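Here is a walk through one protein chain, from single residues up to the whole fold. Keep the picture open while you read.

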Amino acid sequence: MKPEHKAEMKARARNIVLKVAYDGTAYHGFQRQTPPVIAVQNVLEEKLQVVFGDSIELAASGRTDAGVHARGQVVNFFTNGRIPVDRIVRAVNSLLPSDIVVLAAAEADFDFSARHSAKSKTYLYRIQQGEVPDPFSARYAWYVRRPLDREAMAEALRMILGTHDFSAFRASGGAPMSPVRTMYEAVLAEEPHGILTCRIHGSGFLYHMVRNIIGTLVRVGLGDLVPADFQRIMESRDRTQAAATAPACGLFLEQVEYGNDLHL
């Protein structure tokens, strides 16, 4: 941040943090877009400006893609607005559309950043299996008709645990950064109505990384690949070796962890 921008932010008395959930189906991702294209950030900033009586520019923990959902997106912004923290949630939600909800609000130290202060993130991916697709899951899960070998998928998924170079699961178009990440948890579980969920908790994620892992994992589940192939693909560091990117509709940003820096 340039010194003059930092001085301007300091002149604003408050650093407000929000935890936000949204259905990403109708939006062109989280990051602000030029109308007529609408993103979640466009809507949030517009309504926050009404509540705070101040110009608002959000910073987010991550920029979810078009069609991706969030249960625990975190944003922060600086403002001169004086509305008490305990009134923010109700005030903002009274203006937001039904597919975007503020879950919690807090006031943080000046140096807190939703993006740069994050210690880790958790993503969830949902897959719906069965002979007939469920219309009530279509917006929130990838439909796969053929049965999946869950044991093979679980075996392959365990291979991402620990610290690795994830270049094989990195899409072009993301910000330039190290491809090395640490995964703390990677769990496959079954839910009712034929839903299979994959939960991944890691230090950080590359552009499309989770969806590329899932796309390759499903090929293991279908028997097109075996777990050893998944290991080989990951170690190749070659994106062309991995499968196609899984659809956006099944992905949820579940949680962002900040350690002791923030409690929402």
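E185 counts as partly exposed, because its relative accessibility is 33% (buried means under 20% relative accessible area, exposed means over 50%, and partly exposed is in between, with a 1.4 Å probe and protein chains only). You'll find E185 in strand β8 (strands are DSSP runs of E with at least two residues, helices are runs of H or I with at least four, and both are numbered from the N terminus). Setting aside residues up to four places away in sequence, E185 touches L161, R199, I200 and H201 (contact means heavy atoms within 4.5 Å). Now look across to A21: its C-alpha atom and that of E185 are separated by 22 Å, and the two residues are 164 apart along the chain.

A quick word on what you're looking at: this is a predicted model, where local features need pLDDT of at least 70 and side-chain atom pairs count only at pLDDT 80 or more, while totals for chains, interfaces and linings use all residues. Residues are numbered from 1 along each chain as its sequence is written, and side-chain values use heavy atoms, with hydrogens and water left out.

Another glutamate is worth a stop. E45 sits in helix α2, and it is buried, with a relative accessible area of 7%. Apart from neighbours within four places in sequence, E45 is in contact with R32, I56, E57 and L58.

**Rings that pair up**

How many aromatic pairs does a search of the whole structure find? The search turns up eight (rings of Phe, Tyr and Trp, the last by its six-membered ring, pair if their centres lie within 6.5 Å; planes under 30 degrees apart are stacked, over 60 edge-to-face, and the rest tilted). One of them is F52 with F77, an edge-to-face pair with 5.1 Å centre to centre and 80° between the planes. This pair links distant parts of the chain, since F52 is in helix α2 (residues 40-52) and F77 is in strand β3 (residues 69-79), 25 residues apart. F52 is buried at 6% relative accessible area, and F77 is buried too, at 0%.

Next come Y140 and F252, whose ring centres are 6.5 Å apart with planes at 35°, so the pair is tilted. Distant parts of the chain meet here as well: Y140 is in the loop between β5 (120-129) and β6 (142-144), F252 is in strand β10 (residues 251-257), and their positions lie 112 residues apart in the numbering. Buried or partly exposed: which is Y140? Y140 is partly exposed, because its relative accessible area is 27%, whereas F252 is buried at 6%. F252 has another partner: the charged end of R71 sits over its ring, 4.5 Å from the centre (the rule asks for NZ of Lys or CZ of Arg within 6 Å of the ring centre and within 35 degrees of the ring normal).

**Cysteines on their own**

A disulfide is a pair of cysteine sulfur atoms within 2.5 Å, and by this rule the count comes to zero. For C198, the nearest cysteine sulfur is that of C249, 15 Å away. C198 is buried, with a relative accessible area of 3%, while C249 counts as partly exposed at 21%.

**Backbone oddities**

Most residues other than glycine have a negative phi, and most peptide bonds are trans. Here are some spots that go another way:

| Spot | Backbone value | Place |
|---|---|---|
| P35 to P36 | cis, omega near 15° | P36: loop between β1 (14-22) and α2 |
| H193 | phi near 65° | loop between β8 (180-191) and β9 (195-202) |
| H208 | phi near 65° | loop between β9 and α5 (209-221) |

H193 is also exposed, with a relative accessible area of 70%.

**Zooming out**

The chain has six helices and ten strands. Its C-alpha atoms fill a box of roughly 60 × 40 × 35 Å along the principal axes. A compact globule of 264 residues would have a radius of gyration near 18 Å, and the chain has 20 Å, which agrees (this radius is taken over C-alpha atoms, and the globule rule is 2.2 Å times the number of residues to the power 0.38). Buried residues make up 51% of the 264. Among contacts between residues at least 6 apart in sequence, 71% join residues at least 24 apart.
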